[in-house]
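Okay, thanks everyone for coming. I'll put the sequence and the structure up on the screen, and then walk you through a few spots in it.

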Amino acid sequence: MKEDTLIPTTVYAARVKDRELLERSSSGGAFTAISDAFLESGNAVVCAIYNYDSNQTEFCLITDKKARDQASGSKYMQSVSGNIYRTALQWLNDNPEKKLLFVGMGCQADGFRKFAETMRIRNRVIIVDLICHGSPSPKLWREYVYALENKHNGEIKYLTFKDKRNGWNHPTAVAQINGEEISLREYVKIFYNKCALRPSCHECPYATTERKTDITIGDFWHIEKTIPDFYDPQGTSLFLIHTERGLELFEDIKGKIEYISSNTEECWQINLERPTEKSQMREQFWLDYQAKGIEFIMKKYGNDSLRKKVKNKLKHIFGGGVLRS
């Protein structure tokens, strides 16, 4: 494996060739393509998997595709690291000929990078971080889940935040309780209106195209405008490659993906330039939550205003489609 040498950021738009896999992926299948390169060689992957018993996303070390498939997909919540650093180090010590892939948000990935350097295992790990809007309160998510489960008299057995039934540009967030599909629209609305994000997310130092991880991945938003000939309604991933080791990994997966060279102007999105701004409603949001609870704030902050509902309805009637919230 090549040394941890930073290079000028190299940019690609890419998607997996397997159409069935592309349809199941949140974006263009970048995580699956990268993790396959490790799992098929008998190496390990550290990533976040949703735990339906604890209703939180937890970092796990996995060595098979079945567990990896459970980790696929966007998760609009903070993941719990637990003892994953110790677990990863022990696995590498027990498997001296093997390598490890770590995938997490910018702050999590850079934390693992510093740990790997301290423990002198950096040359045995590839570190991939994700473009991040910010992480909301994990307590808020758990209370929301409990409220849904009480309302529908059952437990969540499946959830997705980016189902592509309406196309990649219009993702659908749903859960299943007792076989019934339940919309997560209220929670997603609060996630994107920035009310529940952690204060540190508004000062994130990783909202840039220049990072010290090996590769950054995410959605290649607006590709229909910047590289229209490469647009696909089922999604496209963005690769930002930062190191020689990252370039080596990208070469390894080229056989499984369609790709095209790009640049930082074509792939521009807010969280590659600056952190998500603090919502002007944030303080009132938390005051309302503390005083009136989860159901009140979901109703107040998780639904469109009457004015916007009317505007969306008129837009639908007279053409142009429904405005995205």
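Let's start with Ile 227. If you skip the neighbours within four places in sequence, this residue is in contact with Phe 220, Ile 260, Ser 262 and Glu 266. Before I go on, please keep in mind that this is a predicted model. So, where along the chain is Ile 227? You'll find Ile 227 in the loop between helix 8 and strand 11. And is it buried or exposed? Ile 227 is buried, because its relative accessible area is 10%, and the cut-off for buried is under 20%. Look at one of those partners, Glu 266: along the chain it is 39 residues from Ile 227, yet their C-alpha atoms are separated by 7.5 Å.

Now stay in that loop and find Tyr 231, which also sits between helix 8 (223-226) and strand 11. Tyr 231 is partly exposed, with 31% relative accessible area. Which residues does Tyr 231 touch, leaving aside neighbours within four places in sequence? Those are Arg 15, Trp 168, Asn 169, Ile 223 and Glu 224. Phe 220 is 11 residues from Tyr 231 along the chain, and there the C-alpha atoms are 9.5 Å apart.

Okay, aromatics. How many aromatic pairs does the structure hold? There are 24. Take Phe 239 and Phe 250: their ring centres are 5.1 Å apart and the planes sit at 70°, so we call this pair edge-to-face. The angle cut-off for that label is over 60 degrees. Phe 239 belongs to strand 11 (residues 237-243) and Phe 250 to helix 9 (residues 244-253), so the pair ties together parts that are 11 residues apart in sequence. Both rings belong to buried residues: Phe 239 has a relative accessible area of 1%, and Phe 250 comes in at 2%.

There's also an aromatic cluster to colour in. Its members are Tyr 50, Tyr 52, Tyr 76, Trp 141, Tyr 144, Phe 161, Tyr 187, Phe 191 and Tyr 192.

Next, a bit of backbone. Most residues other than glycine have a negative phi. Asn 55 isn't a glycine, but its phi is positive, about 55°. And Asn 153, again not a glycine, has a positive phi of about 55°. Where do they sit? Asn 55 is in the loop between strand 2 (44-51) and strand 3 (56-62), while Asn 153 is in the loop between helix 6 (138-152) and strand 7 (156-163). Asn 55 is buried at 3% relative accessibility, whereas Asn 153 is exposed at 67%.

Let me zoom out to finish. The protein chain has 12 helices and 12 strands. For 325 residues, you'd expect a compact globule to have a radius of gyration near 20 Å, and the chain has 20 Å, so the two agree. Along the principal axes, the C-alpha atoms fill a box of roughly 60 × 45 × 40 Å. Half the chain, 50% of the 325 residues, counts as buried.

What about contacts? Among those with a separation of 6 or more, 72% are between residues 24 or more positions apart. The accessible surface is about 16,400 Å², and carbon and sulfur atoms make up 48% of that. Last one, charges: there are 47 positive and 43 negative, and their mean positions are 5 Å apart.

That's my tour, happy to take questions.

Note on methods:
Residues are numbered from 1 along each chain as its sequence is written. This is a predicted model: local features need pLDDT of at least 70, side-chain atom pairs count only at pLDDT 80 or more; totals for chains, interfaces and linings use all residues. Side-chain values use heavy atoms; hydrogens and water are left out. Helices (H or I, at least four residues) and strands (E, at least two) are DSSP runs, numbered from the N terminus. The radius of gyration is taken over C-alpha atoms; the globule rule is 2.2 Å times the number of residues to the power 0.38. Buried means under 20% relative accessible area, exposed over 50%, partly exposed in between (1.4 Å probe, protein chains only). Contact means heavy atoms within 4.5 Å. Accessible areas come from the Shrake-Rupley method with a 1.4 Å probe; for residues, only the protein chains shown count as cover. Lys and Arg count as positive and Asp and Glu as negative; His and the chain ends are not counted. The place of a charge is taken as NZ of Lys, CZ of Arg, CG of Asp or CD of Glu. Rings of Phe, Tyr and Trp (its six-membered ring) pair if their centres lie within 6.5 Å; planes under 30 degrees apart count as stacked, over 60 as edge-to-face and the rest as tilted.
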